Amino acid sequence: SIKLTLAEKEMSLMQSMINPHFLFNCLGTISSMAILENAPNTQNISNKIARYLRSSMDLVGSYITLAEEIRLIKQYLYIQSLRFGDRIHCRINCDAECESAILPAMCLQPIVENAIIHGFKNRIQGGSIETMIRREEDGRLDICIQDDGVGMCKEELERLRLEIREPYQSHHHCLGLHSVVSQLQIAFPGQVSFEIESTPEQGTQIVIRIPFNATLSKSP
């Protein structure tokens with residue numbers, strides 16, 4: 001019913017507000033324990049994670065420069081390196097002229113996150129992720145994020161493509177990618193190209209093309 005749907009949405013909103021506070025409190029506890037136990041590395045790591053999460057939350061719904069988005073990705077990759085060590089190698093190649101482009105905040109990080117979580121699951125030897133950003137001759141921004149992970153079979157790939165195009169539903173498995181596409185379509189209606197290709201045991205490639213725009217307001 002409509003009332004039930006509204007109640008579920010309200011509950012979801014409440015959970016989205018409570019969970020970060022709970023997480024921050026947990027990280028604060030870890031940091032305090034690290035001080036008492038004289039574990040400066042643990043204290044430093046917990047503080048970095050807390051700062052990253054807080055800055056990410058503050059940017060929800062806003063527009064930032066590509067340079068700022070890359071900085072957030074690098075912070076995220078640093079946190080992941082604490083878990084994976086040198087198993088996963090990440091490179092970001094961005095033409096300097098592209099750094100002033102404006103885009104929705106946190107619209108590229110979920111793609112990198114997907115590559116790490118899904119691309120290298122059950123792969124002991126790890127692999128690499130490369131992000132390449134350049135400005136095309138027609139003025140559009142070309143963003144390519146590719147990994148050499150486990151990839152997807154044809155059926156999985158088609159299901160993912162379909163879910164990305166559909167309105168989001170709770171049983172979908174691509175919340176991050178769906179959010180990316182939705183944010184870009186709102187920012188650049190009718191001007192977004194989102195392509196995904198994947199081959200089993202060879203990896204996945206996502207290519208995004210959006211208008212180069214350095215004059216958008218930094219607020220929605």
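The lining of the second largest pocket in this predicted model is made up of 10 nonpolar, six polar and five charged residues. The volume of this pocket is about 520 Å³. Among its 21 lining residues, Asn 114, His 118, Lys 121, Met 152 and Leu 160 are the closest to the centre. Such a space can be found by calculation because rolling a probe the size of a water molecule over the atoms shows where empty space is left.

Several elements contribute to this lining. Helix H4 (109-119), strand E5 (140-147), helix H5 and strand E7 (203-211) each provide at least two of its residues. Helix H4 supplies the largest share, namely five residues.

Helix H5 deserves a separate description. This helix comprises residues 154-165, 12 residues in total, and extends 17 Å from its first C-alpha to its last, close to the 16 Å expected at 1.5 Å a residue. Which residues of H5 are buried? They are Leu 157, Leu 160, Arg 161, Glu 163 and Ile 164. Viewed down the axis of H5, these buried residues fall within an arc of 165°, and they therefore line one face of the helix. A general property of helices helps in reading this pattern: an α-helix has 3.6 residues a turn, so residues three or four places apart point the same way.

On the other side of H5, Lys 154, Glu 155 and Arg 165 are exposed. The cover over the buried residues of H5 includes helix H6 (175-187) and strand E6 (193-199). Leu 160 links the two parts of this description: it is buried in H5, and it is also among the residues closest to the centre of the second largest pocket.

Notes
Residues are numbered from 1 along each chain as its sequence is written. This is a predicted model: local features need pLDDT of at least 70, side-chain atom pairs count only at pLDDT 80 or more; totals for chains, interfaces and linings use all residues. Side-chain values use heavy atoms; hydrogens and water are left out. Helices (H or I, at least four residues) and strands (E, at least two) are DSSP runs, numbered from the N terminus. The expected span of a helix is 1.5 Å times one less than its number of residues. Buried means under 20% relative accessible area, exposed over 50%, partly exposed in between (1.4 Å probe, protein chains only). The arc is that of the directions from the helix axis to the C-beta atoms. Contact means heavy atoms within 4.5 Å. On a 1 Å grid over the protein atoms alone, a cavity is a set of points where a 1.4 Å probe fits but cannot get out, and a pocket is an open set with protein on both sides within 12 Å along at least five of seven lines; lining residues have an atom within 4 Å of a point. Grid points are joined across faces, edges and corners, and a volume is the space filled by probe spheres set on the points. Ala, Val, Leu, Ile, Met, Phe, Trp, Tyr, Cys and Pro count as nonpolar, Asp, Glu, Lys and Arg as charged, and the others, Gly among them, as polar.
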